Amino acid sequence: MRKSHTENTVGPWARQKLDGLEAYLHAYTQALKKKPFDLVFIDAFAGAGRSKIRNAWKGADAEDLQLLDDSFMEDREQFIEGSPRRALKLQNPFSKYFFFDVDRRRAQLLTELRSEYQGRHIEIEVGDANALIRRLVPHLNRWNTRGVAFLDPYGPHLRWQTVETLGATGKFEVIVNFPLGMAINRLITRSGRIPENWRADLNGCFGTTDWENLAYSDEETLFGNTDRRKVDDAAARLLDLYVSRLEAAFGHVATPSVVRNTRGMPIYYMLWAGPHPLGRKIADEILKKRERITAPGRLPRH
Ligand SMILES: C[S@@+](CC[C@H](N)C(=O)[O-])C[C@H]1O[C@@H](n2cnc3c(N)ncnc32)[C@H](O)[C@@H]1O
C-alpha cells in the first residue's frame, strides 16, 4: 500500500467534521475537568492520525472554500490533523485514550503519537472496532469512567450492537459519523435487488430489518407480482430510524448535523447521543455552527 493511501485522503469537508469534534471534546473535558472521573476517549475508527486533503478546491463551491484557510490554498499538499491528534492536543486532556483501526499500517503510524505525547495513557489496537469495543466495555464499567466514543466508519461497519453496548454503560456519549449518503443509501439499490452480504451489513448497522420496509414500497401488479420501488425520501426515513434508535439507547440525541461534499450532496451526518441533557445542549450549540437540519422530512434528495 502506498504511503498516501495509508495516510488516508479526504475531501476538504473533513475539516467541518474534525473541527466540530474538537470543539465538542474541548467543551466536554472543560466541563468535567474538576470531577473525579477517569475520562476516556475511544476513537474506534481512528485512521492514521493525519489525512491528506484532496485537491478538491478545483470545483469547490463557496461553502467549501470557506472551510479552507489561505495557507491551505497556497500549498500543493496539505495535511489535516485527524481525530486522534485532535483529542490528544486538548487543553484538558482525557485520562485514557483508545485508538483502534483495522488497518495495521494506519495503526502503526498512530504509534508516533506515544513519543509526541509522552506520559499519556494511549492504547492502540489493530482490529475490528466492534470486537475491540466489546472487549473494552467491561473494564470501563469497573473504572469510575466517563467518556466519549468517536465512531467514524467509511461504510456500514459500525454494528448497532456496539453502539447499544456503549449506551448501556450509562457513562458514554457517542459521536457517530453516520455515512448515510456516502455509503449506506447506496447499498439500498433502486431496483430492490440487494446482494445478501449487503443486506447482512445493513441489518447489522441498523440492528433491525426495519430499514428495508422504510426504504421500499411494494405494490401488487395486475399479474399478481410485487413491484418494488425505492421511496424518494428513503434517506430521510433511514436517518430518522437511526436517530430514534440512538435516543432509545442513550436517552438524548442532538439535532443531526449534515456534512456535504463540494457538489452540495449530503455525505454524512454527525450524530451525538448521550445520557445527559446537558451534553445534548452543548452538542446542539456546537453543531449549530454547521449546517444542520431541523426535521428529517426536509432533507434534500440523495
Ligand atoms: C473515515 S476513516 C477515519 C478517520 C479518522 N477518524 C479521522 O477523522 O481522522 C475510517 C477508518 O476506519 C478504518 N476501519 C474500517 N473498518 C474498520 C473496522 N471494522 N474496525 C476498525 N477500523 C476500521 C479504516 O482503516 C479507516 O482508517
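**Salt bridges, aromatic pairs and cavities**

Asp-103 is buried, with a relative accessible area of 13% (buried, under 20%; exposed, over 50%; partly exposed, in between; 1.4 Å probe, protein chains only). The model is predicted, so that local features need pLDDT of at least 70 and side-chain atom pairs pLDDT 80 or more, whereas totals for chains, interfaces and linings use all residues. Residues are numbered from 1 along each chain as its sequence is written, and side-chain values use heavy atoms, without hydrogens and water.

The side chain of Asp-103 meets that of Arg-106 in a salt bridge, at 4.0 Å from N to O. Arg-106 is likewise buried, at 7% relative accessible area. In total, the structure holds 16 salt bridges (a side-chain nitrogen of Lys or Arg within 4 Å of a carboxyl oxygen of Asp or Glu). Glu-116 and Arg-85 form one at 2.7 Å, N to O. This pair links distant parts of the chain, 31 residues apart, with Glu-116 in helix α7 (residues 112-116) and Arg-85 in helix α5 (residues 83-88). Helices (H or I, at least four residues) and strands (E, at least two) are DSSP runs numbered from the N terminus. Glu-116 is partly exposed at 44%, while Arg-85 counts as buried at 13%.

A further salt bridge joins Glu-212 and Arg-228, at 2.9 Å from N to O. Here too distant parts of the chain are linked: Glu-212 lies in helix α12 (residues 210-215) and Arg-228 in strand β10 (residues 226-230), 16 residues apart. Glu-212 is buried at 13% relative accessible area, and Arg-228 is partly exposed at 25%. Asp-19, Glu-22, Glu-81, Arg-86 and Lys-89 are joined into one network by salt bridges that share partners.

Aromatic pairs (ring centres of Phe, Tyr and Trp, the last by its six-membered ring, within 6.5 Å; planes under 30 degrees apart stacked, over 60 edge-to-face, the rest tilted) come to 11. The ring centres of Phe-41 and Phe-94 are 5.4 Å apart and the planes stand at 35 degrees, so the pair is tilted. Phe-41 belongs to strand β2 (residues 38-43) and Phe-94 to the loop between α5 and β5 (96-101), 53 residues apart. Phe-41 has a relative accessible area of 0% and is buried, as is Phe-94 at 3%. For Trp-160 and Tyr-242, centres 5.4 Å apart and planes at 80 degrees make the pair edge-to-face. Trp-160 lies in helix α9 (residues 160-169) and Tyr-242 in helix α13 (residues 234-250), 82 residues apart; both are buried. One aromatic cluster is formed by Tyr-24, Tyr-28, Phe-41, Phe-94, Tyr-97, Phe-99 and Trp-272.

Helix α14 (residues 277-287) has Gly-279, Ile-282, Ala-283, Asp-284, Ile-286 and Leu-287 buried. These residues pack against α2 (14-32), β8 (172-178), β12 (257-260) and β13 (266-274) (contact, heavy atoms within 4.5 Å).

The whole structure contains 2 cavities of 30 Å³ or more. A cavity is a set of points on a 1 Å grid over the protein atoms alone where a 1.4 Å probe fits but cannot get out, and lining residues have an atom within 4 Å of a point. Points are joined across faces, edges and corners, and the volume is the space filled by probe spheres set on them. The largest cavity, of about 50 Å³, is lined by residues including Tyr-24, Trp-272, Ala-283 and Leu-287. α2, β13 and α14 each supply at least two residues of this lining, which comprises 8 nonpolar, 1 polar and no charged residues (nonpolar: Ala, Val, Leu, Ile, Met, Phe, Trp, Tyr, Cys and Pro; charged: Asp, Glu, Lys and Arg; polar: the others, Gly among them). The second largest cavity has a volume of about 40 Å³. Tyr-242 is among the residues that line the second largest cavity, a lining of 9 nonpolar, 2 polar and no charged residues.

Note on methods. 1 Å grid on protein atoms, 1.4 Å probe; cavity = no way out; pocket = protein on both sides within 12 Å on 5 of 7 lines; lining within 4 Å.
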